[in-house]
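Take a look at the model below. Keep the sequence beside you as you read.

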Amino acid sequence: MAEKFDVIVVGAGPAGTACAYTLAKKGVNVLLMERGEYPGSKNVMGGVLYRKTMEDIIPGFYKEAPVERPIVEQRFMMLDKESAVNFSYKGMEWAQEPYNNFTVLRAKFDQWFADKAVQEGALLLNETVALECIIENGKVVGIRTDRPDGDVYADVVVLADGVNSLLAKSLGFHKEFRPDEVALAVMEVLKLDRKIIEDRFNLEGDHGCTIEIFGDSTKGILGTAWLYTNKDSLNIGVGTMLSGLIKNKIKPYELLDYVKNHPMIRPYIQGCEQQEYLAHLIPEGGYRSMPKVVGNGVIVVGDAAQLVNAIHREGSNMAMASGVMAAETIMQAREAGDFSERMLDSYRTNLLNSFVGQDLKKYKDATHHFEKFPQYFEQYIPMVNKAASQMFTVDGTSKWTKQKKIWSELGTAKEKWKMARDLMNAWRVMK
């Protein structure tokens, strides 16, 4: 007889573990499957974890979890080839409990989170590949794995197997995602002495800083670079739309090397030693690319459901929220003894009505708009840098004369109107 569980969760990332933890805490018999050597071994994100959703799952988690630094400052850098216009927010309210967000290293955090699920009663099975869903009478009833006698069964299967969810695809929930629906991110973890980090980033104690970098960091391709502070290391990375990399014939590691050697970035990482190199696909199609998320006996969560808000770098919090909502739906289905698509569809409704669905809907056209009109990155950011240079350079020219020169360099009246329309259109897709 093949083993039977109440629920099988495929993937021990934030979404899958949040689901498994919530169910196990309610006494549900849960199998949490992970293809990596351990949870987090194959998981990648820039490195920022927002507190609110995680604390809803485990109150006060940050007192014991392996978080790196609470973020007290968020900087934004509009980068040109040899200059940058910066703005930031630094708030001491973020330096106090319960904090706002933290930097984390997924290899550490995901293991800790999965262990918490195990402590509540979930069974964690590492180094196990889910080959396909087992379907009987039109209902998903289990998972076929790569282990000997590896068929396992359950009332419900939760697919948390990442952006390239082959299981969801095999069920017909989505087609192959287009290159303009996913981004490719590459990142390095760079070892650096704790005291040097605090001096370079103007930090006190355990406080942390994040820098989001736009413009020349991606050579005009839609995307961003980032630089985050950990306790004794830095996360530096760059992510761009896969379609942009293909169109411009640029390799992602070439972009990362370019960022690391940029004169505005290089001083931050001087003297660092590379610890890890990571690469990962990120779902950025947003609201319009969401696949079917519910079927008979199956629910899709996290990256597998395209739940990433690229505009606000939010992904792990959305993933965990979806995992909790999936668990709550499953509990209701268990009470009713009904695991049909009709019964499980309340997950989809709750997801779309939550901050996850509402934020995705708010920015549903943003990614495609900025990719379709690359002038925001290719032209307007350099314009801002040039204007700042001219205004702040003291050379005996009056500021009135400088302003007129900057205005004239914006182009003809027609070009100025085009720029105004672009700014208005940007506001429309972001409002």
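The paragraphs below go through a helix, the cysteines, the cavities, the aromatic rings and one loop residue. Remember that this is a predicted model.

Start with helix α13, which covers residues 375-392. How far apart should the ends of this helix be? The helix has 18 residues. At 1.5 Å a residue, they should span 26 Å. The C-alpha atoms at the two ends are 25 Å apart, which agrees with that value. Now look at which side chains of α13 are hidden. Gln 375, Tyr 376 and Phe 377 are among its buried residues. Further along, Tyr 380, Ile 381 and Asn 385 are buried too. Ala 388 and Gln 390 complete the buried group in α13.

Next come the cysteines. A disulfide is a covalent bond between the sulfur atoms of two cysteines. How many disulfides does the model have? The count comes to zero. Take Cys 133 as a case. The closest cysteine sulfur to its own belongs to Cys 19 and is 15 Å away. A disulfide needs the two sulfur atoms within 2.5 Å, so Cys 133 is too far from Cys 19 for a bond. Cys 209 is in no disulfide either. For Cys 209, the nearest cysteine sulfur is that of Cys 272, 14 Å away. Are these two cysteines, Cys 133 and Cys 209, buried or exposed? Buried means under 20% relative accessible area. Cys 133 has 8%, so it is buried. Cys 209 has 0%, so it is buried as well.

Now turn to the empty spaces. A search of the whole structure finds two cavities of 30 Å³ or more. The largest has a volume of about 120 Å³. Its lining is made of 16 residues. Those closest to the centre are Glu 284, Gly 286, Val 308, Tyr 363 and Thr 367. Which helix gives the most to this lining? The answer is α12, with three residues. Both α11 (355-362) and α12 (366-372) supply at least two residues each. The lining is mixed in character: seven residues are nonpolar, five are polar and four are charged.

The aromatic rings are next. The model holds 15 aromatic pairs. In one of them, the ring centres of Phe 61 and Tyr 62 are 5.6 Å apart. Their planes meet at 80°, so this pair is edge-to-face. Phe 61 is buried, at 0% relative accessibility. Tyr 62 is buried too, at 12%. Phe 61 also pairs with Phe 102. Here the centres are 5.9 Å apart and the planes are at 80°, so this pair is edge-to-face as well. The pair of Phe 61 and Phe 102 links distant parts of the chain, 41 residues apart. Phe 61 sits in the loop between α2 (51-57) and β4 (67-79). Phe 102 sits in strand β6, residues 101-104. Both Phe 61 and Phe 102 are buried. Elsewhere, ring pairs join Tyr 21, Phe 109, Trp 112 and Phe 113 into a cluster.

Finish with one residue in a loop. Where is Asp 303 found? It lies in the loop between β17 (298-300) and α9 (316-336). Asp 303 has a relative accessible area of 22%, so it counts as partly exposed. Along the chain, Asp 303 and Met 290 are 13 residues apart. Their C-alpha atoms are separated by 9.8 Å.

Definitions and conventions: Residues are numbered from 1 along each chain as its sequence is written. This is a predicted model: local features need pLDDT of at least 70, side-chain atom pairs count only at pLDDT 80 or more; totals for chains, interfaces and linings use all residues. Side-chain values use heavy atoms; hydrogens and water are left out. Helices (H or I, at least four residues) and strands (E, at least two) are DSSP runs, numbered from the N terminus. The expected span of a helix is 1.5 Å times one less than its number of residues. Buried means under 20% relative accessible area, exposed over 50%, partly exposed in between (1.4 Å probe, protein chains only). On a 1 Å grid over the protein atoms alone, a cavity is a set of points where a 1.4 Å probe fits but cannot get out, and a pocket is an open set with protein on both sides within 12 Å along at least five of seven lines; lining residues have an atom within 4 Å of a point. Grid points are joined across faces, edges and corners, and a volume is the space filled by probe spheres set on the points. Ala, Val, Leu, Ile, Met, Phe, Trp, Tyr, Cys and Pro count as nonpolar, Asp, Glu, Lys and Arg as charged, and the others, Gly among them, as polar. Rings of Phe, Tyr and Trp (its six-membered ring) pair if their centres lie within 6.5 Å; planes under 30 degrees apart count as stacked, over 60 as edge-to-face and the rest as tilted.
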